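Biologist: I am new to this structure and should like to be guided through it by questions. Could the replies please give the reasoning before the result?

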Protein chains: 2
Amino acid sequence: MIRTALSLAILAGISSAPILADDNGVPYPEDYRDWHHVKSMVIEEGHDLYEAFGGIHHLYANDAALEGYQAGSFPDGAVIVFDLLEAEHGGNAVTEGSRKVLGVMHKDSGRYAETGGWGFEGFAEGDRGRRAVGKEADTACFQCHTSQRDHDYVFSRLRK
Amino acid sequence: MIRTALSLAILAGISSAPILADDNGVPYPEDYRDWHHVKSMVIEEGHDLYEAFGGIHHLYANDAALEGYQAGSFPDGAVIVFDLLEAEHGGNAVTEGSRKVLGVMHKDSGRYAETGGWGFEGFAEGDRGRRAVGKEADTACFQCHTSQRDHDYVFSRLRK
């Protein structure tokens, strides 16, 4: 839908339309907050991934991705969301703060053949107009995900 | 369904059926892991609620409860799940451990009129056969929830 809107905007020459720099075709995941909650984790200062992923994150799967978690490989159309929020420490508790980034893996084995069949994107602060990955998916995402080749490049596992 | 199974077991005199001591009629929330994820929180040592609720918890809402969060009051049939897992600290991260308790609020304004229209139950370690609240909902749950009378006795708020 985003790509359609963008294409239409370009075709129509509408300069006020949202600018999606380096659009790699991964759609913003509409309604992901109603998807299956896969698992969660808090990454704290001192962790190797703190700079990139510090905070509390939740993973969500659409129906196709849920099948993929169960099967160990994911069909085209599977979408996994990595929803990263600030982790607010205080009062002997960790609570959820503002959104840092909304990461997306979108399976389309034809389109994204060079990155394991997955398109990768990150929407800064969850803003659908602010793409943080764009054309850099190979170096920014996939190289690390290759360690999970045996699980179709997906790090997370479905928690009961 | 649990109550039906229990009643049938009693009627049939099947002693091997699961014993549901002090069944207060709140059903085990089938399929709650596919419901809407409302929000999450980690409660750590030193927190007033640590003894009862220490760990990482997630709240889930069925469709009727989701409407309730948006409206500020909850219709009959609304069910909210408080899914409490061990919080495993290590490697500068907090990960999810085993299930401590599966808490349930089930709105049935006729049946549970004495506790704000809500039935309360806790399934120890998520085991549908181990009810932790039973007939003690008033003292074990509701007295604390009365502080939230203006939000229909529900503490949590829906996070975006």
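Biologist: Which residues of helix α3 of chain A are buried?

Modeller: This is a predicted model. Helix α3 of chain A covers residues 63-71. A residue counts as buried under 20% relative accessible area. In this helix the residues that count as buried are A:Ala64, A:Ala65, A:Leu66, A:Gly68 and A:Tyr69.

Biologist: Against which elements of chain A do the buried residues of α3(A) pack?

Modeller: Packing is judged here by contact, which means heavy atoms within 4.5 Å. The partners of these buried residues are strands of chain A, β2 being residues 55-61 and β3 residues 79-90. The elements are β1, β2 and β3.

Biologist: Which residue takes a positive phi just after α3(A)?

Modeller: The phi in question is about 95°. The residue that takes this value just after α3(A) is A:Gly72.

Biologist: What pattern does chain A follow along the sequence?

Modeller: Chain A has four helices and five strands. Of its 160 residues, 52% are buried. Among its contacts with a separation of 6 or more, 51% are between residues 24 or more positions apart. Read along the sequence, the pattern is α-β-α-β-α-β-β-β-α.

Biologist: What share of the accessible surface of chain A belongs to carbon and sulfur atoms?

Modeller: The accessible surface of chain A comes to about 8100 Å². The share of this surface that belongs to carbon and sulfur atoms is 50%.

Biologist: Is A:Glu125, with its positive phi, buried or exposed?

Modeller: A:Glu125 is a residue other than glycine, and its phi is near 55°. It is placed in the loop between β5 (118-124) and α4 (137-145) of chain A. Because its relative accessibility is 52%, and the class begins over 50%, A:Glu125 counts as exposed.

Biologist: Is B:Asp152 buried or exposed?

Modeller: B:Asp152 also has a positive phi, near 55°. Its place is in the segment after α4 (137-145) of chain B. The relative accessible area of B:Asp152 is 11%, so this residue is buried.

Biologist: How many residues apart in sequence are the parts that A:Arg131 and A:Asp23 tie together?

Modeller: The side chains of A:Arg131 and A:Asp23 meet in a salt bridge, with N to O at 3.3 Å. A:Arg131 lies in the loop between β5 and α4 of chain A, and A:Asp23 lies in the loop between α1 and β1, so the pair joins parts whose separation in sequence is 108 residues.

Biologist: Which residues are linked with A:Glu121 in a network of salt bridges?

Modeller: Over all chains the count comes to 14 salt bridges. A:Arg131 counts as buried at 12% relative accessibility, and A:Asp23 counts as buried at 15%. The residues linked with A:Glu121 in the network are A:Asp23 and A:Arg131.

Biologist: Which residue of chain B forms a salt bridge with A:Arg159?

Modeller: The closest N and O atoms of this salt bridge are 2.9 Å apart. The pair crosses between chains, from A:Arg159 in the segment after α4 of chain A to a partner in strand β4 (residues 93-107) of chain B. A:Arg159 counts as buried at 14% relative accessibility, and its partner counts as buried at 17%. That partner is B:Glu96.

Biologist: What is the relative accessible area of B:Glu121, which meets B:Arg131 in a salt bridge?

Modeller: The side chains of B:Glu121 and B:Arg131 meet at 3.3 Å, N to O. B:Glu121 lies in strand β5 (residues 118-124) of chain B and B:Arg131 in the loop between β5 and α4, so the pair ties together parts ten residues apart in sequence. B:Arg131 is buried at 12%. B:Glu121 is buried, with a relative accessible area of 3%.

Biologist: Which residues does B:Gly103 touch, leaving aside those up to four places away in sequence?

Modeller: B:Gly103 is found in strand β4 of chain B, and it is buried, with a relative accessible area of 13%. Its C-alpha atom is separated by 20 Å from that of B:Gly72, 31 residues apart along the chain. The residues that B:Gly103 touches are B:Ile80, B:Val81, B:Phe82, B:Glu121 and B:Gly122.

Biologist: Which residues form a negative surface patch with A:Asp34?

Modeller: A:Asp34 is found in the loop between α1 (2-12) and β1 (36-43) of chain A. Its relative accessible area is 44%, so A:Asp34 is partly exposed. The residues that form the patch with it are A:Asp31, B:Asp63 and B:Glu67.

Note on methods: Residues are numbered from 1 along each chain as its sequence is written. Chains are lettered from A and ligands numbered from 1 in the order in which they are written. This is a predicted model: local features need pLDDT of at least 70, side-chain atom pairs count only at pLDDT 80 or more; totals for chains, interfaces and linings use all residues. Side-chain values use heavy atoms; hydrogens and water are left out. Patches are made of residues with over 30% relative accessible area and no salt bridge: like charges are joined within 9 Å, nonpolar side chains (Val, Leu, Ile, Met, Phe, Trp, Tyr) within 5 Å. Accessible areas come from the Shrake-Rupley method with a 1.4 Å probe; for residues, only the protein chains shown count as cover. A salt bridge is a side-chain nitrogen of Lys or Arg within 4 Å of a carboxyl oxygen of Asp or Glu. Lys and Arg count as positive and Asp and Glu as negative; His and the chain ends are not counted. The place of a charge is taken as NZ of Lys, CZ of Arg, CG of Asp or CD of Glu. Helices (H or I, at least four residues) and strands (E, at least two) are DSSP runs, numbered from the N terminus. Buried means under 20% relative accessible area, exposed over 50%, partly exposed in between (1.4 Å probe, protein chains only).
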